[in-house]
Amino acid sequence: MTNKTLLITGCSSGIGLESARHMRARGWRVFASCRAQADCDRLIAEGFESPQIDYSVPETIRDGLDSVLAATGGTLHGLFNNGARGLPGAIEDLPAAGLRSLLESNLIGWHDLTQKVLPVMRRQGHGRVVNNSSVLGYVSMRYRGAYVASKFALEGWSDCLRIEMRDTPIHVSLIEPGPITSEMRRNNARQFFQWIQWESSPHAENYRTGLVKRFSEDKSDPDPFELPAEAVCKKLVQALEAPRPRPRYRVTTPAHAMNVLKRALPTNLMDWVISKG
């Protein structure tokens, strides 16, 4: 490997932040981007190069990548698309504007950045694109329709890109985590109360005893089967450094179990299993 440079998005906390620290410790030159400039400033104080990239703002994608390429002399070995958010709520309560906004952050912006990186990787003759998906990229879950839609789309998009890059030295991998320690619950709560008129919803009672109650809890103990963000880092290392990276890397017991059940069970039975979770 002649060029260990890596751009990671969504590095303000969780998987992105832990990945940036982990890969830097392995000798990579990491560009740890964040959506908000204040988070970039915090990472710069920690010694990172941290361009601002907000997937929902095309100008930051262009300018952020330009700053990375200016610093590296126009090369980039790896891109880890990671920054994403959720918008919990029943599909019948989900405003089109909310879904549109989420898809911009979780899919369209990823496409924009990756499309700009691919010519760089073609010119230099190598590259890795790693996309952080989810167990919800291949199974659905009640009240997660917006996030599920974005991750199902990401899975198909990544598969197409991998096939299209098959005859090139550019490798494309998906990481599919299950429950990972992060700021996702807090971020989901903000999106829920911004977009979902839950008190007038047919699902109001389920929200009250489920999502709303969960958002109000002071979480101190991990969820069942939850792993720290460093569990994702181990898979990221393989995707970036293995001579022949795998198309998919699943993380956590639920991610593996749901993959098996998805293949083994009829749809109606799988729906029943998930509804009991």
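**Aromatic contacts and nonpolar cores**

Tyr207 has a relative accessible area of 0% and is therefore buried, a term that stands for under 20% relative accessible area, with exposed meaning over 50% and partly exposed the range in between (1.4 Å probe, protein chains only). The model is a predicted one, in which local features need pLDDT of at least 70 and side-chain atom pairs count only at pLDDT 80 or more, while totals for chains, interfaces and linings use all residues. Residues are numbered from 1 along each chain as its sequence is written, and side-chain values use heavy atoms, with hydrogens and water left out.

The structure holds 6 aromatic pairs, where rings of Phe, Tyr and Trp (its six-membered ring) pair if their centres lie within 6.5 Å, and planes under 30 degrees apart count as stacked, over 60 as edge-to-face and the rest as tilted. The pair of Phe192 and Tyr207 is edge-to-face, because the ring centres are 5.3 Å apart and the planes stand at 75°. This pair links distant parts of the chain, with Phe192 in helix H6 (residues 184–195) and Tyr207 in helix H7 (residues 204–209), 15 residues apart; helices (H or I, at least four residues) and strands (E, at least two) are DSSP runs, numbered from the N terminus. Phe192 is likewise counted as buried, at 0% relative accessibility. Phe192 also forms a tilted aromatic pair with Phe215, at 5.7 Å centre to centre and 55° between the planes. Since Phe215 lies in helix H8 (residues 211–216) and Phe192 in helix H6, this pair ties together parts that are 23 residues apart in sequence. Phe215 counts as buried at 16% relative accessibility, and one aromatic cluster is formed by Tyr143, Phe192, Phe193, Tyr207 and Phe215.

The largest nonpolar core (a set of buried Ala, Val, Leu, Ile, Met, Phe, Trp, Tyr and Cys residues joined through side-chain atoms within 4.5 Å) has 27 residues, of which Met23, Val30, Phe80 and Ile175 touch the most other members. Two or more residues each come from strand E1 (5–8), helix H1 (14–25), strand E2 (29–32), helix H2 (37–45) and helix H9 (230–241), and H9 gives the most, with 6 residues. A second, separate core of 24 residues includes Phe31, Val117, Leu118 and Leu174.

Charged side chains also lie over aromatic rings, a placement that requires NZ of Lys or CZ of Arg within 6 Å of the ring centre and within 35 degrees of the ring normal. Arg24 lies over the face of Phe48, at 3.8 Å from the ring centre, and Arg250 over the face of Tyr138, at 5.4 Å from the ring centre.
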